[in-house]
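Welcome, and please open the model in your viewer. We will walk from one selection to the next and say what is there at each stop.

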Amino acid sequence: MTADNPALIIYVRGVNKTYAGGFQALKNINLDIKRGEIFALLGPNGAGKTTLISIICGIVNATSGTIVADGHDTVRDYRAARATIGLVPQELHTDSFESVWATIKFSRGLFGKAPNAAYLEKVLRNLSLWDKRDVKIMALSGGMKRRVLIAKALAHEPTILFLDEPSAGVDVELRHDMWRMVRELRAQGTTIILTTHYIEEAEDMADRIGVITKGELIVVEDKNVLMRKLGKKQLTLTLRQPMTSIPAGLSAWSLELTDDGHALVYSFDTQEDETGIAELLHTLSDHSIEFKDLRSSESSLEDIFVSLVHQPKEALE
Amino acid sequence: MNIYGIRAIYHFEMARTFRTLWESIAAPVLTTSLYFIVFGKAIGSRMGDIDSVSYGAFIIPGLVMLNLLNESISNASFGIYMPRWAGTIYELLSAPVSWVEVLIGYVGAAATKSVILGLLILGTARIFVPYEIAHPLWMISFLLLTAVTFSLFGFIIGLWADNFQKLQVVPMLIVTPLTFLGGAFYSINMLPPLWQKITLFNPVVYLISGFRWSFYGIADVHIAMSIGMTFGFLIICLTFVWWVFKTGYKIRN
């Protein structure tokens with residue numbers, strides 16, 4: 001895809017970042033974000049998620065590479081590019097002595113937008129902050145401060161919203177409110193890029209997933225495709241009589257004996273046409289192995305994520 | 001030009017000033033009043049005129065300069081250091097504002113505040129000592145030029161400092177001594193010949209001399225020299241800030 005493709009809202013090519021101490025935080029990142037999608041960027045701590053977001057938003061200079069945001073080069077045409085982006089940072093950086101209203105008014109002005117009290121009121125009401133508009137930020141709870149940061153990021157009506165670990169340290173209610181708001185924003189056409197440690201949230205929210213580890217983007221995939229491709233299913237059979245070892249006749253299946261010999265676990269690939277379950281059950285019956293219960297389970301995005309970041313890069317190619 | 005952006009920064013900085021109005025204005029005005037009482041009245045009354053200007057009146061331009069330099073530096077350095085310290089600078093860095101707009105906002109607000117303070121001190125001085133201003137337009141020009149130049153210098157200190165102590169070091173250890181030795185309380189003609197030469201390396205001499213000239217028409221160095229040196233310092237500061245923003249030094253790396 002090329003940078004001028006209207007379906008793309010962010011186009012990242014060959015981005016590298018080496019910090020002054022010599023640490024290479026990002027290695028040749030190439031990434032396309034589609035207009036109107038929710039994209040989740042996953043990766044362990046220190047993988048380079050925040051560095052990548054900071055470079056796209058203009059907070060950190062890239063060592064090399066090109067980034068285009070909504071058709072504007074983020075270096076050459078930084079004004080137009082930055083005007084389209086809103087950022088909710090990971091840390092609760094706020095102006096403690098300012099009131100909620102003053103701080104969001106400041107954000108709107110800073111991003112070059114004419115005052116619009118009605119719009120700002122709507123943003124505050126959506127985030128349940130309207131009653132707190134005259135309160136100094138220092139008097140707010142952590143969750144409320146997070147809402148203020150979201151309001152600041154939305155104050156200039158961005159078309160791209162970055163949420164860097166938005167649910168860290170946030171209670172369940174706010175998390176639900178926030179995800180409801182994210183869905184509403186997406187419905188209005190805003191593209192959302194988020195990083196999160198709660199992988200079930202990414203599983204629930206995202207259209208596509210990118211996994212970054214040690215500065216390299218190792219996977220970018222549609223969430224459902226990723227889950228299908230890399231997901232595993234397991235069938236667990238609880239036995240009537242415990243076993244000490246797996247009978248030789250069952251060696252054709254990759255079986256594991258668990259729970260002190262009380263259960264057999266069969267792992268299979270969801271993409272295979274033949275899962276081998278029917279044959280396994282026949283063979284068990286032929287060997288007079290009886291079971292009292294059976295259940296199947298599917299790997300979560302979290303299992304996939306953990307296996308992805310722990311396997312060597314070659315294995316993914 | 002992102003006019004709304006400049007306005008947002010300027011208002012934000014001025015609001016910070018007005019929140020701490022009492023501390024911002026009262027302390028320097030009180031300190032200067034003490035100078036006038038002690039040096040202008042008590043000691044000054046026993047001192048002879050300098051170039052036919054009473055000692056009390058002679059020290060006014062120097063005292064205004066002393067405050068102007070310190071206030072400009074501390075306002076501007078604090079203004080940009082605070083968001084760096086609190087982490088809120090992420091917003092400024094991700095905003096569609098150029099370095100010129102950032103400077104106009106921060107330096108403009110810092111200079112506004114120190115000019116207001118300078119005028120307040122001049123007003124306070126009038127209560128203690130009678131004086132006249134020979135060249136009011138030049139006086140205002142010097143006031144503005146010095147406030148802008150030293151706010152810019154303060155902005156640089158705010159970018160360079162990585163702790164609150166460093167913010168204080170330059171004003172306390174460099175600017176205040178240079179001002180005291182820059183002819184705030186004496187004419188450099190009163191110094192021994194060797195020190196008269198050495199003192200010409202002190203940039204503050206040119207600021208105070210020029211400013212005093214705008215009041216009484218007397219100067220230690222030629223007025224053109226004062227204007228030239230002030231502009232020279234302004235250009236050095238501007239070049240440095242341009243380089244900081246171009247390379248991202250300490251802020252974007």
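Start by selecting A:Asp73 and A:Arg76, which form a salt bridge with their closest N and O atoms 3.6 Å apart; the term stands for a side-chain nitrogen of Lys or Arg within 4 Å of a carboxyl oxygen of Asp or Glu. A:Asp73 counts as buried at 13% relative accessibility, whereas A:Arg76 is exposed at 72%. Here buried means under 20% relative accessible area, exposed over 50%, and partly exposed in between, with a 1.4 Å probe and protein chains only.

A word on what you are looking at: this is a predicted model, where local features need pLDDT of at least 70 and side-chain atom pairs count only at pLDDT 80 or more, while totals for chains, interfaces and linings use all residues; side-chain values use heavy atoms, leaving out hydrogens and water. Residues are numbered from 1 along each chain as its sequence is written, and chains are lettered from A and ligands numbered from 1 in the order in which they are written.

**More salt bridges**

Next, select A:Lys152 and B:Glu91, whose salt bridge brings the closest N and O atoms to 2.9 Å. A:Lys152 belongs to helix 5 (residues 142–154) of chain A and B:Glu91 to helix 4 (residues 89–93) of chain B, so this pair joins two chains. Helices (H or I, at least four residues) and strands (E, at least two) are DSSP runs, numbered from the N terminus. Are these two residues buried or exposed? A:Lys152 is buried, with a relative accessible area of 5%, and B:Glu91 is buried at 5%.

Now move to helix 6 (residues 172–187) of chain A, where A:Asp177 and A:Arg180 sit three residues apart, about one turn of the helix. Their side chains meet in a salt bridge of 4.0 Å, N to O. Add A:Arg147 and A:Glu184 to the selection, and you have a network of salt bridges linking these four residues. Over all chains, the count comes to 17 salt bridges.

**A sheet in chain A**

Show the strands of chain A and look for an open sheet of four, in the order 12-13-11-14, with antiparallel pairing. Its edge strands are strand 12 (255–258) and strand 14 (291–298), each pairing on one side only. Two strands pair if DSSP finds at least two bridges between them. Strand 11 (residues 232–239) and strand 13 (residues 263–269) run antiparallel and are joined by seven bridges. To see one partnership, pick A:Lys233 and find its bridge partner A:Phe268 in strand 13.

**Rings in chain B**

How many aromatic pairs does a search of the whole structure find? The search gives 18 over all chains. Rings of Phe, Tyr and Trp (its six-membered ring) pair if their centres lie within 6.5 Å; planes under 30 degrees apart count as stacked, over 60 as edge-to-face and the rest as tilted. Select B:Phe78 and B:Phe164: the centres are 6.3 Å apart and the planes at 45°, so the pair is tilted. B:Phe78 lies in helix 3 (residues 55–86) and B:Phe164 in helix 7 (residues 164–180) of chain B, so the pair ties together parts 86 residues apart in sequence. Adding B:Tyr81 and B:Trp85 completes a cluster linked by ring pairs.

For a last stop, select B:Phe153 and B:Phe233, a tilted pair with 5.4 Å centre to centre and 55° between the planes.
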